[in-house]
Amino acid sequence: MPTSLTIDELRQRYGEISARRQFLFARFQTVLRLLSETGQLRRLYLFGSFTTAKPAPGDLDRLTVMAAGFTTANLTSPHLEVFQHDTCRLLYQIDVFWVTESVAQEQVEAMLDVFSRNREGAPQPIIEVTL
């Protein structure tokens with residue numbers, strides 16, 4: 001279901017066409033760096049208006065799959081912020097959904113199925129970022 005893109009492909013396809021998209025892509029790069037620095041990032045999916053042709057998406061939506069056993073209990077700022085929905089939305093304009101690999105793949109696929117439709121029920125792309 002998801003389309004796999006590298007960071008460069010993602011930037012070229014979705015992150016350059018408008019000032020708003022450039023801003024959101026830069027914020028995403030910061031969040032991706034913070035997620036990667038945990039050493040526990042396994043998969044990352046993007047969806048919502050950012051993965052469409054909309055010239056000025058309001059935000060970026062992400063589903064992050066972390067390693068089994070991952071917890072935010074010992075994280076501090078700024079790493080903790082990328083897992084807190086409201087904080088991440090305010091600081092990075094990214095909506096956060098995350099699970100660990102302990103969740104069955106079928107559950108992740110069910111979440112992606114929900115995220116593959118916009119509020120009106122129309123299909124929208126899901127991008128798996130190649131890590």
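In what sense do β2 and β3 pair, and over how many bridges? In this predicted model, the two strands run antiparallel to each other and are joined over 6 bridges. One place to look is R43, whose bridge partner in β3 is V65. As a general point, strands of a sheet pair through backbone hydrogen bonds, in either a parallel or an antiparallel way.

The pair β2 and β3 belongs to a wider arrangement. An open sheet is built from 5 strands, and reading across it gives the order β1-β5-β2-β3-β4, with mixed pairing. The edges are taken by β1 (residues 3-5) and β4; each has a single partner strand, so one side of each is left without a neighbour in the sheet. On average, neighbouring strands of this sheet are turned by 25° against each other, direction ignored. A helix can be placed against this background too: α1 lies across β1, β2 and β5, and runs at about 105° to β1.

What holds the interest next is the nonpolar interior. The largest nonpolar core has 26 residues, and L10 and F28 are those with the most contacts inside it. Several elements, namely α1, α2 (19-37), β2, β3 (60-66), α3 (85-92), β4 and β5 (127-129), each supply at least two residues of this core. The element that gives the most is α2, with 7 residues. A look at F28 shows how parts of the chain come together: leaving aside neighbours within four places in sequence, F28 is in contact with I7, L10, L44, L46, L60, I94 and V129. There is also a second, separate core of 9 residues, and Y45, F47, L63 and L112 are among its members.

Charged side chains complete the picture. In general, side chains of opposite charge can pair when their charged atoms come close. Searching the whole structure gives 6 salt bridges. One of them joins R11 to D8, with the closest N and O atoms 2.9 Å apart. Both residues sit in helix α1 (residues 7-14), where they are 3 residues apart, about one turn of the helix. R11 also meets E16 in a salt bridge, at 3.0 Å from N to O. Together, D8, R11 and E16 are linked in a network of salt bridges.

How buried or exposed are these three residues? R11 counts as partly exposed because its relative accessibility is 26%. The relative accessible area of D8 is 45%, so D8 is partly exposed, and E16 is likewise partly exposed at 39%.

Another salt bridge connects R42 with E101, the closest N and O atoms being 3.8 Å apart. Here R42 lies in strand β2 (residues 41-47), while E101 lies in the loop between β4 (94-100) and α4 (105-115), so the pair ties together parts that are 59 residues apart in sequence. R42 is partly exposed, with a relative accessible area of 35%, and E101 is partly exposed as well, at 37%.

Key. Residues numbered from 1 in each chain as written. Predicted model: local features only at pLDDT ≥ 70, side-chain atom pairs only at ≥ 80, totals over all residues. Heavy atoms only, no water. Salt bridge = Lys/Arg side-chain N within 4 Å of Asp/Glu carboxyl O. Helix = DSSP H or I, 4+ residues; strand = E, 2+ residues; numbered from the N terminus. Buried < 20%, exposed > 50% of the residue type's maximum accessible area, 1.4 Å probe, protein only. Core = buried A, V, L, I, M, F, W, Y, C linked by side-chain atoms within 4.5 Å. Contact = heavy atoms within 4.5 Å. Pairing = 2+ DSSP bridges. Axes fitted to C-alpha atoms, helices over the stretch in contact; angles between N-to-C directions.
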